[in-house]
Amino acid sequence: MKIFHLSAECYPVAKVGGLADVVGALPKYQNQMGVEAAVVMPYYERKFVQENEWEVQFQASSLLGTRRFYFEVLKEKTNKLGFELFLIKIPGLLDRENVYSYPDETEQFIAFQLAFLDWINWSQQSPDLIHCHDHHTGLVPFLLYNSSLYKRLSAIPTVLTIHNGQYHGAFGWSKLGLLPEIDITKTGLLEWNGAINPLASAVKCCWKYTAVSPSYLEELTVKSNGLEYLFYLERAKGTGIINGIDTEIWNPKTDSMIAESFSIQKVSVGKQKNKEALCARFGISTDRPLISFIGRLVGEKGADLLPEAIKRSIIAHPGGVNFFLLGAGEPVLQDELTALQKEFPDQCSVFIGYDEALAHLVYAGTDFLLMPSRVEPCGLNQLYALRYGTIPMVRITGGLKDTVLDFGDDGGYGIRFIQASVADIVEAVRRAVELYPDTAKVQSIRKRMMALDFSWDRSAKEYINLYESLKPAI
Ligand code: ADP
């Protein structure tokens, strides 16, 4: 079975968030299980691209409305990521450094999808199934089944995975002309709330869709930025599959990005050494419980609650708890957190920016990881925290609800709270501060967490089962 994963991100080529981690790992595990899974993504002017060798697989030109664009499909020569990786390069559209936030993002991703379809159409490269990820690739199912240009491909099944249902990539009808010849009686399949909505279109046209956790699949019907009713209508096509983690990259025993590697048996010493390294680098004392946050500084992650919640917690536990925050995002929040650090330099340290290696050290060297998310489709941070013996403190939503049990419950290991609110975070911090001195309990919780299995083996198999359920067509 040959599968093409279509995505805007893939670790380590280009990463903004969890989408990259998933698309960089899932195909590797699928290949190990005998499915030929490849990744097709836009070309980015980035380190991984510059440092590796590529061969041109295909060259052609296509039309974006009336604008003719030239494109190349490049293949990484050695399959070093454990799967075939293809980049689509379009001069002036897909040859940039950043993944998102260009004013012509709509044109960029439409051109990406058209180039992909033209390539597989003309090169006779047809896969057995196309797996689309998020809205950036959401027009592919519609185009496959409703454009005479791609008639040859119209029997190929499509699966859509929703990593984040808050973003839809919607654009106005004035841009309909950017799409190629389509059956105009079917334009309703593109529409939601008066606009062309690629995510909605993908949900309508794909054969099956998945959400990245069972709880998130249900939440989409009540909270998906306007698509709730659509998810309610299409619910029968949906499945929730929790993400795995790449246990080769995220392995405290072999991780070269942390100060001291450690196994489950050596967790206490290992975490202490990493805590010392992190604290020495940022001038924090090691004798207090250290609570971290890693992530995009946006409302979705509850990052706006952090300044007030941290301030209140520090006042409630003077000299009794430290915080370390790593993130980038909304400028107002970045400023507020920087000001917080100035106000409480002894107890709060902040690193504004994106730093992959530092994130590894934070998972390894902090005692607790706070995730007060309003929306968390799956969440990978808590899974990395579990693997590195760091107790997750999570607001129970989406994947956080499915993966973290409270240490107060049978077999539990985390700290759960109900509301994304300052009061609930302060209470969770109180529980963490109280738990911390009980070293025997902390030790047994760490061992329990590290023994959990969130590897891709299980989830990759679930995706394969889903593909196989479409087999009569494959
Ligand atoms: P999302 O995709 O919504 O941002 P996920 O939990 O699915 O959230 O994935 C977040 C990923 O991004 C994790 O691998 C996390 O470690 C990483 N990450 C987020 N912010 C940063 C940062 N500032 N520096 C380093 N890694 C980060």
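Start with a group of rings: in this predicted model, Trp250, Phe262, Tyr363, Tyr384 and Tyr388 are linked into a cluster by ring pairs. If you search the whole structure for aromatic pairs, you find 19 of them. Let's visit two.

Phe86 and Trp119 make a tilted pair, with 5.0 Å from centre to centre and 55 degrees between the planes. This pair ties together distant parts of the chain: Phe86 belongs to strand E5 (residues 84-89), Trp119 belongs to helix H3 (residues 105-122), and 33 residues separate them. Are these two rings buried or exposed? Phe86 is buried, with a relative accessible area of 2%, and Trp119 is buried too, at 1%.

The pair of Phe282 and Phe351 is edge-to-face, with centres 6.3 Å apart and planes at 85 degrees. Here again distant parts of the chain are linked, since Phe282 is in helix H8 (residues 267-282) and Phe351 is in strand E14 (residues 348-352), 69 residues apart. Phe351 has a relative accessibility of 22%, so it counts as partly exposed.

Rings can also lie beneath a charge. The charged end of Lys89 sits over the ring of Tyr43, 4.4 Å from the centre of that ring. Likewise, Arg96 places its charged end over the ring of Tyr102, 4.7 Å from the ring centre.

Now look at the inside of the model. In soluble globular proteins, nonpolar side chains tend to be buried together. In this model, the largest nonpolar core has 69 residues, and Ile291, Cys348, Tyr363, Phe368 and Met393 have the most contacts inside it. Helix H14 (residues 422-435) gives the most to this core, contributing seven residues. A second core, separate from that one, has 58 residues, among them Phe4, Leu117, Trp119 and Tyr150. You have already met Trp119, the partner of Phe86 in the tilted pair.

What does Met393 touch, leaving out residues up to four places away in sequence? Its contacts include Ile291 and Phe368, and also Leu369, Leu370 and Met371. Ile415, Phe417, Ala428, Val429 and Ala432 are touched by Met393 as well.

Next come the cysteines. A disulfide is a covalent bond between the sulfur atoms of two cysteines. How many disulfides are there here? The count is zero. Take Cys132: the closest cysteine sulfur is in Cys206, 8.2 Å away, so the gap is too far for a bond. Cys132 is buried, with a relative accessible area of 0%. Cys205 is in no disulfide either, as the nearest cysteine sulfur, that of Cys206, lies 7.9 Å away. Cys205 is also buried, at 9% relative accessible area.

Finally, follow helix H1 (residues 18-32). With 15 residues at 1.5 Å each, H1 should span 21 Å, and its end C-alpha atoms are 22 Å apart, which agrees. Of those 15 residues, 12 are buried, so H1 is largely enclosed by the rest of the structure. The buried residues of H1 run from Leu19 to Gln30 and include Asp21 and Lys28 as well as Val22, Val23 and Leu26. What covers them? The cover includes strands E1 (2-6), E2 (36-42) and E6 (129-133), along with helices H12 (381-387) and H16 (456-469). Just after H1, you reach Gly34, which takes a positive phi of about 95 degrees.

Notes: Residues are numbered from 1 along each chain as its sequence is written. This is a predicted model: local features need pLDDT of at least 70, side-chain atom pairs count only at pLDDT 80 or more; totals for chains, interfaces and linings use all residues. Side-chain values use heavy atoms; hydrogens and water are left out. A nonpolar core is a set of buried Ala, Val, Leu, Ile, Met, Phe, Trp, Tyr and Cys residues joined through side-chain atoms within 4.5 Å. Buried means under 20% relative accessible area, exposed over 50%, partly exposed in between (1.4 Å probe, protein chains only). Helices (H or I, at least four residues) and strands (E, at least two) are DSSP runs, numbered from the N terminus. Contact means heavy atoms within 4.5 Å. Rings of Phe, Tyr and Trp (its six-membered ring) pair if their centres lie within 6.5 Å; planes under 30 degrees apart count as stacked, over 60 as edge-to-face and the rest as tilted. A charge sits over a ring if NZ of Lys or CZ of Arg is within 6 Å of the ring centre and within 35 degrees of the ring normal. A disulfide is a pair of cysteine sulfur atoms within 2.5 Å. The expected span of a helix is 1.5 Å times one less than its number of residues.
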